[in-house]
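Trainee: Could you please take a close look at a single part of this structure and explain how that part relates to its surroundings?

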Amino acid sequence: MSKIQIINASNSLKYLDALYELDKDIFNTFWANNQWENELKNESVITFLAVKENKNIGFASAGICANEIEIRKIGILENYRRQKVASFILRKILDMAKAHGILKVFLEVNENNKSAILFYKNKGFITYNIRRGYYEKNENAVCMQKII
Ligand SMILES: CC(C)(COP(=O)(O)OP(=O)(O)OC[C@H]1O[C@@H](n2cnc3c(N)ncnc32)[C@H](O)[C@@H]1OP(=O)(O)O)[C@@H](O)C(=O)NCCC(=O)NCCS
């Protein structure tokens, strides 16, 4: 298997279009180009881009708030899933978080997103709350966290 490169895309607009395109290809609800611009200019936001053979295949965005970090999105293009790309990116986020003295990682995920819930459980996240009717169509959010 050829090598996957994880690029720290934070605090620069170099990868703005790449991230916008990936987000649009992976998620039904994606951030507008100017929202991505704000994210990338925000010093509290960590963004990673995964590249394989010069192709952008996945990304993650996480926001630091005091001694906690929220994973806002992790997405991998469909053809590249189950190859540990998200695991690789998450490892980078956790390593960077630890280096910032962060103690807790949290996130919320749609209860119908079974693959994401299984992914996070596999990484040691536990459910601490269910937010009823949080998403469109009255779907619940599963709130998960991990102490690092
Ligand atoms: C969730 C997602 C990020 C996982 O990415 P990935 O690169 O395929 O995940 P990995 O290969 O690192 O998976 C690691 C482990 O997580 C679990 N897992 C991941 N996807 C799974 C699935 N579809 N079904 C069951 N378990 C799954 C498995 O335990 C897996 O280990 P294994 O393959 O050895 O069994 C990917 O499915 C995705 O991009 N989904 C669409 C976007 C999304 O919903 N993101 C999450 C909400 S922000």
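Mentor: Glycine 101 has a positive phi, near 75°, and comes after helix α3; helices here are DSSP runs of H or I with at least four residues, strands are runs of E with at least two, and both are numbered from the N terminus. The model is predicted: local features need pLDDT of at least 70, side-chain atom pairs count only at pLDDT 80 or more, and totals for chains, interfaces and linings use all residues. Residues are numbered from 1 along each chain as its sequence is written.

Consider first the length of α3, which runs over 85–99. Its 15 residues, at 1.5 Å a residue, should span 21 Å (1.5 Å times one less than the number of residues). The end C-alpha atoms of α3 are 21 Å apart, which agrees.

The sides of α3 come next. Val85, Ala86, Ile89, Leu90, Ile93 and Ala97 of α3 are buried, meaning that 20 or more other C-beta atoms, placed from the backbone, lie within 10 Å of their own; a residue with 12 or fewer is exposed, and one in between is partly exposed. These buried residues cover an arc of only 130° around the axis, taken from the directions from the helix axis to the C-beta atoms, which puts them on the same side of α3. Asp95 and Ala99 are exposed on the face turned away from that buried side. The cover over the buried residues includes the strands β1 (4–8), β2 (45–52), β3 (55–65), β4 and β5 (104–110), together with helix α4; contact requires C-beta atoms, placed from the backbone, within 7 Å.

We may now place α3 in the protein. The domain assignment, which is automatic or from a database, gives domain 1 (1–102) and domain 2 (104–148). Their contact takes ten residues from domain 1 and seven residues from domain 2. On the side of domain 1 that touches domain 2, β4 (68–76) and α3 each supply at least two residues, and α3 provides the largest share, five residues.

Finally, α3 also takes part in the surroundings of the ligand. The shell holds 19 residues, and the closest are Arg81, Ala86, Ser87, Ser115 and Ala116; a residue counts if its C-beta atom, placed from the backbone, lies within 6 Å of the ligand. β4, α3 and α4 (114–122) each supply at least two residues of this shell, and α4 gives the most, with five residues. Both domains give residues to the shell, so the ligand lies between them.

Notes. Two residues are in contact if their C-beta atoms, placed from the backbone, lie within 7 Å.
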